[in-house]
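Welcome, and please open the model in your viewer. We will go from stop to stop, selecting a few residues each time and looking at what is there.

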Amino acid sequence: MPEFIHIHPEDNVAVALRAIAAGTEFMGVTARVDIPQGHKMALKPIAENDQVMKYGFSIGHATAAIVAGDWVHTHNMKTNLSGEIEYTYNPNINHPAPQQAGTFMGYRRGDGKVGIRNEIWIIPTVGCVNDVAKAMVKENQDLVQGSIDGLYTFPHPFGCSQTGADHAQTRKLLAALARHPNAGAVLVLQLGCENLTHEQFVEELGEYDENRVKFLTCQQVEDEFVVGRQLLEELAAFAGQFQREEVPASELVIGMKCGGSDGLSGITANPTVGSFSDLLVSMGGSTVLTEVPEMFGAEGFLMDRCINEEVFRKAVNMINGFKNYFIRHNEVVYENPSPGNKAGGITTLEDKSCGCVQKGGSAPI
């Protein structure tokens with residue numbers, strides 16, 4: 001097994017694929033100290049304030065002179081990130097070669113969307129009914145049969161004592177959840193005195209199938225568990241009609257996320273997911289790169305792949321808007337890497353982000 005990997009020709013560091021003992025040679029460079037798995041070794045001298053290059057991008061700068069063969073980590077380098085920055089659109093778009101479209105077995109909904117699961121969801125509009133929703137899930141598991149894959153709830157602490165954009169965001173997210181095609185049927189559970197009123201929820205939800213989405217306001221019934229059981233039986237009868245059918249891969253949408261990242265994630269699991277992403281896109285499907293703060297510092301992998309300047313501007317606004325959210329709350333934008341990330345070889349947020357965005361492959365954005 002090789003000791004290191006040199007990811008990009010422009011990189012001035014290599015990544016240890018296993019724990020390396022001092023004295024190990026790679027590309028004519030001898031490790032001066034023991035280097036842990038996933039961590040970086042300098043392949044050439046790096047002067048103080050010079051850029052540390054990995055994946056062909058800067059992942060930070062040296063805080064002291066680094067000798068070839070040195071271990072490069074938090075003791076001798078740091079991030080370049082600060083706040084919002086200006087971006088220039090220089091399109092460089094790679095369209096994956098079209099592939100013969102595959103299929104998957106999904107559930108076609110009345111609105112045309114396709115789910116990969118057929119579940120019944122109880123969605124609380126306010127945190128005050130979380131425990132009621134949990135009890136309903138526990139007491140009605142007998143309804144999970146046939147083509148119904150599960151009965152779940154989504155507890156949260158919101159829906160009351162919120163104002164402005166904060167309240168609007170809760171309303172928007174809960175309504176979007178109710179429309180999700182993985183739910184064959186939905187019970188919207190309300191208390192009755194919360195800020196997020198029934199009328200607001202229905203307005204946000206828009207047109208809906210009354211057989212698929214039902215509402216229960218606890219304060220308007222004598223026993224919410226009895227009425228809840230009746231409504232869940234009706235919803236189970238509706239959801240139970242759905243059966244898996246063959247669906248073109250072009251209708252598949254997959255969200256991509258990682259966890260427990262280390263110095264090897266960006267050269268192992270994440271590029272594998274990126275290859276899958278490109279394959280699905282080549283069949284007309286879509287993937288969603290979900291972790292915006294883990295794009296900070298890796299925008300060079302993303303911005304120029306936007307299909308036009310309008311999408312580029314949306315991407316810029318999304319990333320700078322997220323950075324501004326941190327700054328408005330007196331937080332720095334670069335303290336994302338956790339102690340576990342750093343122990344595994346990730347030094348800066350740029351280091352983590354350049355590995356994270358590998359999940360996005362190379363297809364157009």
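## Stop one: the parallel sheet

Select Trp 121 first: Trp 121 stands opposite Tyr 152 in strand 13. Before going further, note that this is a predicted model, in which local features need pLDDT of at least 70 and side-chain atom pairs count only at pLDDT 80 or more, while totals for chains, interfaces and linings use all residues. Residues are numbered from 1 along each chain as its sequence is written, and side-chain values use heavy atoms, with hydrogens and water left out.

Now show residues 119–124, which are strand 12; four bridges join strand 12 to strand 13, and the two run parallel. Strands here are DSSP runs of E with at least two residues, helices are runs of H or I with at least four, and both are numbered from the N terminus. Two strands pair if DSSP finds at least two bridges between them.

Widen the selection to the whole sheet: an open sheet of four strands in the order 13-12-14-15, with parallel pairing. Which strands are at the edges? They are strand 13 (150–153) and strand 15 (213–217), each pairing on one side only. Neighbouring strands of this sheet are turned by 20° against each other on average, direction ignored.

## Stop two: helices across the sheet

Add helix 1, residues 130–139. Helix 1 lies across strand 12, strand 13, strand 14 (183–190) and strand 15, and runs at about 170° to strand 13. Such angles run from 0 to 180 degrees between N-to-C directions, and axes are lines fitted to C-alpha atoms, for helices over the stretch in contact. Contact means heavy atoms within 4.5 Å.

Next, add helix 2, residues 164–178. Helix 2 lies across strand 12 and strand 14, at about 160° to strand 12.

## Stop three: two helix crossings

Keep helix 2 and add helix 3 (residues 198–205): their axes come within 9 Å and cross at roughly 60°. That makes helix 2 oblique to helix 3; angles under 35 degrees count as roughly parallel, over 145 as roughly antiparallel, 65 to 115 as roughly perpendicular and the rest as oblique. To see the contact, select His 167, Arg 171, Lys 172, Leu 174, Ala 175 and Ala 178 of helix 2 with Gln 200, Phe 201, Glu 204 and Leu 205 of helix 3.

Then return to helix 1 and add helix 4 (residues 224–239), where the axes come within 11 Å and cross at roughly 55°. Helix 1 and helix 4 are therefore oblique to each other. Their contact is made by Val 132, Ala 135, Met 136 and Glu 139 of helix 1 and Glu 224, Phe 225, Gly 228 and Arg 229 of helix 4.

## Stop four: the antiparallel sheet

Another open sheet has three strands in the order 11-10-16, with antiparallel pairing. Strand 11 (114–115) and strand 16 (245–248) stand at the edges with a single partner strand each, so one side of each has no neighbour in the sheet. Strand 10 and strand 16 pair in the antiparallel sense over four bridges. Select Thr 103 to find Pro 248 of strand 16 opposite.

## Last stop: an aromatic pair

How many aromatic pairs does the structure hold? There are ten, where rings of Phe, Tyr and Trp (its six-membered ring) pair if their centres lie within 6.5 Å, and planes under 30 degrees apart count as stacked, over 60 as edge-to-face and the rest as tilted. Select Tyr 89 and Phe 312: the ring centres are 4.9 Å apart and the planes are at 25°, so the pair is stacked. Tyr 89 lies in the loop between strand 9 (77–78) and strand 10 (103–108) and Phe 312 in helix 6 (residues 309–328), so the pair ties together parts that are 223 residues apart in sequence.
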